[in-house]
Amino acid sequence: MMLKAILTLALAASAPAAGAPTKRPAGKTFNDVTTPCGCKTVKYDYRVMYERAYEASKAHRARPDLAELLQKHATSPPRRRTRAELMKPVLKELNRSLLAHRPVSPEFEMQRALNGKYGDTSWVLVYEDRIYASDAFASVSKHRGHAIMMKQAQALVGLPNALYQLSTATYGSDGCEAEPLMLTINKEFGYDQCGVLIPNTYFGGHGDLWSWGSESIKAIHDRTPFQNRTGAALYRGTLSKFKFDDAKYCALNSFGNYARLAAFAASKRSPDRVDAVRPCRNGKPQNLDASCVAPEPQCKGLVDDFNSGLKAGSDIGGTWVDLREYRRRKYLLNLPGGASGSYSKNLNHIWRTEAVALQWVAPFVEWYFPALIEGTNYLKVAQHSVAETVEALEAHPAAAESIGLAGRRDVHDHFLCPACMAEYLQKTLEGFSAHLKLGSILDDPKRASKFFRDNLPCDRIHELDLRVPSWDTEEKGYGWSWKLKKDDPAHPCREGGPSPDRGAARHAREAAKRALHL
């Protein structure tokens with residue numbers, strides 16, 4: 001209700017100005033509508049990564065008031081925030097990202113979703129308790145996780161009718177007014193990048209909320225008491241094998257390697273404070289093969305000291321550890337992802353451990369980040385601040401324990417629990433559909449049926465369904481979807497629309513709640 005109220009008050013501000021087009025301009029294609037951008041794009045704004053990522057992380061030092069902050073935290077911990085207080089800045093950012101996109105018309109926006117930058121591989125239709133995609137949807141590996149998560153969210157809380165295009169790219173979504181408003185699992189540049197944030201696809205392996213819930217219960221139960229944990233900040237991660245010296249791809253792809261090498265260098269300098277290495281084959285650091293040594297520096301002429309003082313060929317290897325070790329550490333480092341320097345699935349697991357989350361300085365954001373408060377539920381670090389920060393935390397153990405506990409309560413318990421993510425997906429689709437006014441078509445059975453028959457690739461429709469028994473590309477789909485025949489009662493192109501699935505939806509919700517002990 002809060003989100004609907006915010007949108008109701010703000011929609012007037014997002015309406016097209018006088019004289020603006022209200023339908024698809026004649027003679028224009030979907031990719032050449034010329035209207036101003038309201039957000040940053042990968043194509044034109046990649047250079048912000050030099051300032052926001054490389055320069056910011058290199059310049060970062062431990063905050064001068066850190067000892068004072070920790071002392072205050074120990075004697076007078078911050079008040080525990082309510083769910084409503086935590087959600088308020090997250091919903092505010094959701095609203096802002098929606099309003100950055102100026103819609104044309106509901107029909108045009110849905111046509112753009114079907115024919116935009118990623119086209120047939122990335123659109124998703126949520127309609128009357130069913131979820132549909134084209135046969136090309138499964139060609140993108142991360143889509144499976146999104147499909148499972150959306151279907152489970154629909155089973156748990158129900159989802160409104162919507163048609164959207166999905167971005168699971170490590171850069172985040174791209175595009176401008178000439179592209180559809182996308183749902184995206186991250187933004188590499190920051191909040192001002194295009195798109196609307198939703199949870200990433202790596203919870204429970206591949207978007208499986210039920211598995212994530214069971215796994216989290218066990219992980220929280222098995223954690224080691226904070227005072228008995230090891231004090232060095234833990235990180236284990238690999239390096240991308242790709243090497244770039246081009247300005248664009250150095251910005252878009254190389255920051256993950258830069259940050260990880262900086263962490264390895266910090267560990268070399270302060271091994272008692274930082275335990276960051278690249279796991280070697282067979283867990284034997286003495287086997288200095290290609291997986292265990294620093295590579296040649298990249299981004300030459302663009303980034304100074306890319307290897308943070310580590311010579312090419314020097315040892316950066318160490319032993320591999322499993323997730324149980326994470327629950328035995330007081331401090332856990334989260335480094336930018338190896339593929340591009342954006343989000344890392346590692347962070348999904350950190351919050352539930354009650355360790356202090358040490359977030360490496362980077363501009364990328366995920367959907368719940370507006371609820372983060374540095375010094376309350378996490379701390380920022382980089383190469384020249386991580387050891388000093390850990391030393392200060394070790395000198396104030398009560399404050400360190402309080403920050404770790406706040407991370408679990410504020411983030412995992414209110415944002416990353418299965419029901420939390422399902423509810424947020426519901427709110428996101430409600431806001432998305434309201435902003436683009438999709439309900440004027442999708443909530444009218446006759447108009448929806450006509451739109452589907454006129455615009456969907458009716459001979460290549462899959463229904464996403466977790467009851468699919470096997471992988472069968474010819475008859476059923478991809479192990480999590482059914483390929484629908486034209487006369488199937490569930491087909492959206494069927495005359496009069498698909499038959500209702502109310503009974504199955506009700507039973508799915510009951511089963512979902514039982515699975516999560518709700």
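What do the buried residues of α17 pack against? In this predicted model, they sit against α6 (106–115), β1 (123–127), β3 and α16 (439–442). We'll come back to that helix after a quick look at the whole chain.

**The chain as a whole**

The secondary structure adds up to 18 helices and 15 strands. Of the 518 residues, 57% count as buried. If you take contacts between residues at least 6 apart in sequence, 73% of them join residues at least 24 apart.

**Two helices with a buried side**

Back to α17, which covers residues 445–455. Its buried residues are Ala-448, Ser-449, Phe-451 and Phe-452. Those residues take up an arc of only 165 degrees around the axis, so they end up on the same side of α17. Turn to the face away from that buried side and you'll find Lys-446 and Asp-454, both exposed.

Helix α8 can be read in a similar spirit. For its 13 residues (209–221), a rise of 1.5 Å a residue predicts a span of 18 Å, and the end C-alpha atoms are indeed 18 Å apart, which agrees. Leu-209, Trp-212, Gly-213, Ser-216, Ala-219 and Ile-220 are the buried residues of α8. Their arc around the axis is only 135 degrees, which puts them on the same side of α8. The general rule behind such patterns is that an α-helix has 3.6 residues a turn, so residues three or four places apart point the same way.

The other side of α8 carries the exposed residues Ile-217, Lys-218 and His-221. As for what lies over the buried residues of α8, the cover includes α7 (143–157), α12 (346–350), α14 (397–416) and α15 (418–436). The N-terminal end of α8 has a cap too: a side-chain oxygen of Asp-208 lies 3.1 Å from the backbone nitrogen of Trp-210.

**The sheet**

Seven strands make up an open sheet with mixed pairing, in the order β5-β4-β3-β1-β2-β12-β15. At the edges stand β5 (196–197) and β15 (481–483); each has a single partner strand, so one side of each has no neighbour in the sheet.

Here are three of the pairings, with one bridge from each:

| Strands | Sense | Bridges | One bridge pair |
|---|---|---|---|
| β3 (162–167) and β4 (182–184) | parallel | three | Gln-165 and Met-182 |
| β2 (130–134) and β12 | antiparallel | three | Ala-133 and His-462 |
| β12 and β15 | antiparallel | three | His-462 and Lys-483 |

His-462 is worth a click in the viewer: its bridge partner in β15 is Lys-483, and it is itself the partner of Ala-133 in β12. Which way do the side chains of strand β12 (residues 461–464) point? Ile-461 and Glu-463 go one way, His-462 and Leu-464 go the other, and all are buried.

**The nonpolar cores**

The largest nonpolar core holds 81 residues, and the members that touch the most others are Leu-125, Tyr-164, Trp-351, Trp-367, Tyr-368, Phe-415 and Leu-456. Helix α15 gives the most to this core, with nine residues. A second, separate core has 53 residues, including Tyr-235, Ala-262, Leu-335 and Ala-382. As a general matter, nonpolar side chains in soluble globular proteins tend to be buried together.

Phe-415 makes a good place to zoom in. Leaving aside neighbours within four places in sequence, its contacts are Leu-86, Met-87, Val-90, Trp-367, Tyr-368, Ala-371, Asp-410, Cys-420 and Met-421.

**Two positive phi values**

Most residues other than glycine have a negative phi, which is a reason to look at a couple of loop residues here. Asp-305 has a phi near 50 degrees, a positive value in a residue other than glycine. Asp-305 lies in the loop between β7 (274–279) and β8 (317–318). Glu-354 also has a positive phi, near 65 degrees, and belongs to the loop between α12 and β10 (356–360).

Is each of the two buried or partly exposed? Asp-305 counts as partly exposed because its relative accessibility is 48%, while Glu-354 is buried, with a relative accessible area of 12%. The cut-off that matters for Glu-354 is that buried means under 20%.

Methods
Residues are numbered from 1 along each chain as its sequence is written. This is a predicted model: local features need pLDDT of at least 70, side-chain atom pairs count only at pLDDT 80 or more; totals for chains, interfaces and linings use all residues. Side-chain values use heavy atoms; hydrogens and water are left out. Helices (H or I, at least four residues) and strands (E, at least two) are DSSP runs, numbered from the N terminus. The expected span of a helix is 1.5 Å times one less than its number of residues. Buried means under 20% relative accessible area, exposed over 50%, partly exposed in between (1.4 Å probe, protein chains only). The arc is that of the directions from the helix axis to the C-beta atoms. Contact means heavy atoms within 4.5 Å. A polar contact is a pair of N or O atoms within 3.5 Å; within protein, one must be able to donate a hydrogen and the other to accept it, and residues adjacent in sequence count only if both atoms are side-chain atoms. A nonpolar core is a set of buried Ala, Val, Leu, Ile, Met, Phe, Trp, Tyr and Cys residues joined through side-chain atoms within 4.5 Å. Two strands pair if DSSP finds at least two bridges between them.
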